[in-house]
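Subject: Structure for you to look at, with notes

Dear colleague,

I am passing on the structure we spoke about, and I would be grateful if you could keep it open while you read. My notes come after it.

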Amino acid sequence: VRHGQSEGNEDSLNYETIPDYALNLTTKGKQQSITAGEEIASIIGDEKVNAYVSPYYRTRQTYDGIASVLKDQIQVSHEDPRIREQDWGHLRHPDDSRLLVEERNKYSLFYYRMKDGESGADVYDRVSVFFETLYRDFNKKEYPDNTLIVTHGMTLRIFLMRWLHWTVEEYESLKNPSNCQIV
């Protein structure tokens with residue numbers, strides 16, 4: 001699940017003054033997380049689930065909304081920084097960010113590394129290491145049939161790229177999921 005609508009999604013000027021990790025959900029984002037929880041409940045029925053959550057505020061708040069619906073169905077939840085969003089390095093003016101995005105779009109969404117930040121390939125490496133944890137957990141006898149990952153748009157796309165063995169071109173041809181979209 002991608003996180004719900006955040007302050008950054010609502011107004012990109014928030015990226016000037018609020019670190020990426022500290023952006024909160026909007027009122028709409030909080031409602032989206034509850035709706036996502038209801039949809040997940042309809043998918044898994046009475047089954048249990050283990051959850052992995054990015055440590056960013058908006059993903060933890062999204063998880064809280066989902067968990068408010070699933071309640072005791074969540075067997076264990078893990079906060080995992082390896083599934084955080086792509087690191088842009090530092091606060092910058094939205095105009096500078098727009099220029100950076102234009103440059104990245106011309107070069108490559110996957111390979112372009114922002115100054116003081118990460119490339120999509122760097123995120124791919126983090127997600128690949130996260131897979132080791134998933135595989136170990138999947139092999140535990142008490143592990144439930146369901147896994148919930150609450151993360152970010154690009155990270156979710158990278159996760160799917162790794163899981164489904166997409167090529168770089170296939171990854172770059174897709175857009176991020178919508179806020180609180182379940183994949």
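What follows is an account of two helices and their surroundings, and then of several single residues.

Please bear in mind throughout that this is a predicted model.

I begin with helix 7, which has 12 residues and reaches 16 Å from its first C-alpha to its last, close to the 16 Å expected at 1.5 Å a residue. Nine of those 12 residues are buried, so helix 7 is largely enclosed by the rest of the structure. The buried residues are Gly153, Met154, Thr155, Leu156, Arg157, Ile158, Phe159, Leu160 and Met161, and the elements against which the buried residues of helix 7 pack are helix 6, strand 3 (146-150) and helix 8 (168-172). Just after the helix comes His165, which has a positive phi of about 60 degrees although it is not a glycine. This residue belongs to the loop between helix 7 and helix 8, and His165 counts as exposed because its relative accessibility is 65%.

Of these neighbours, helix 6 deserves a fuller description. Two packed helices are described by the angle between their axes and the distance between the axes. Here the axes of helix 6 (residues 120-138) and helix 7 (residues 153-164) come within 9 Å and cross at roughly 65 degrees, and the crossing in which helix 6 passes helix 7 is right-handed. On the side of helix 6, the residues that meet helix 7 are Gly120, Val123, Tyr124, Val127, Ser128, Phe130, Phe131, Leu134, Tyr135 and Phe138, while helix 7 contributes Met154, Thr155, Ile158, Phe159, Met161, Arg162 and Trp163. Sorted by character, the residues of this contact comprise 13 nonpolar, three polar and one charged.

Helix 6 is also touched from elsewhere in the chain, by Arg82, which lies in the loop between strand 2 (74-79) and helix 5 (94-107). Apart from neighbours within four places in sequence, Arg82 is in contact with Arg126, Val127, Val129, Phe130 and Thr133, and its side chain reaches the backbone oxygen of Val129 at 3.3 Å. The C-alpha atoms of Arg82 and Val123 are separated by 8.2 Å, although these residues are 41 residues apart along the chain. Arg82 has a relative accessibility of 21% and therefore counts as partly exposed, since buried means under 20%.

The loop between helix 5 and helix 6 holds Asp116, where phi is near 65 degrees, a positive value in a residue other than glycine. At 53% relative accessibility, Asp116 counts as exposed.

I turn next to helix 4, whose 14 residues reach 20 Å from the first C-alpha to the last, close to the 20 Å expected at 1.5 Å a residue. Its buried residues are Arg58, Thr59, Thr62, Tyr63, Gly65, Ile66, Ala67 and Leu70, and the buried residues of helix 4 pack against helix 3, strand 1, strand 2 and strand 3. Helix 4 is followed by Lys71, whose phi is positive, near 45 degrees.

Within this helix, Thr62 is buried, with a relative accessible area of 0%. A polar atom of the Thr62 side chain lies 2.7 Å from the backbone oxygen of Arg58. When neighbours within four places in sequence are left aside, the contacts of Thr62 are Arg2, His3, Gly4, Leu25, Ser33, Val150 and Cys180.

Ser54, in the loop between strand 1 (49-53) and helix 4, likewise counts as buried, at 0% relative accessibility. Not counting residues up to four places away in sequence, Ser54 touches Thr59, Arg60, Glu79, Asp80, Ile83, Arg84, Val150, Thr151 and His152.

The last residue in these notes is Ile43, which is found in helix 3 (residues 27-44). Ile43 is exposed, with a relative accessible area of 58%, and the C-alpha atoms of Ile43 and Leu70, 27 residues apart along the chain, are separated by 11 Å.

With best wishes

How values were computed: Residues numbered from 1 in each chain as written. Predicted model: local features only at pLDDT ≥ 70, side-chain atom pairs only at ≥ 80, totals over all residues. Heavy atoms only, no water. Axes fitted to C-alpha atoms, helices over the stretch in contact; angles between N-to-C directions. Helix = DSSP H or I, 4+ residues; strand = E, 2+ residues; numbered from the N terminus. Left-handed = near helix turned anticlockwise from the far one by under 90°. Contact = heavy atoms within 4.5 Å. Nonpolar A, V, L, I, M, F, W, Y, C, P; charged D, E, K, R; others polar. Buried < 20%, exposed > 50% of the residue type's maximum accessible area, 1.4 Å probe, protein only. Polar contact = N/O pair within 3.5 Å; in protein donor to acceptor, adjacent residues only side chain to side chain. Expected span 1.5 Å × (residues − 1).
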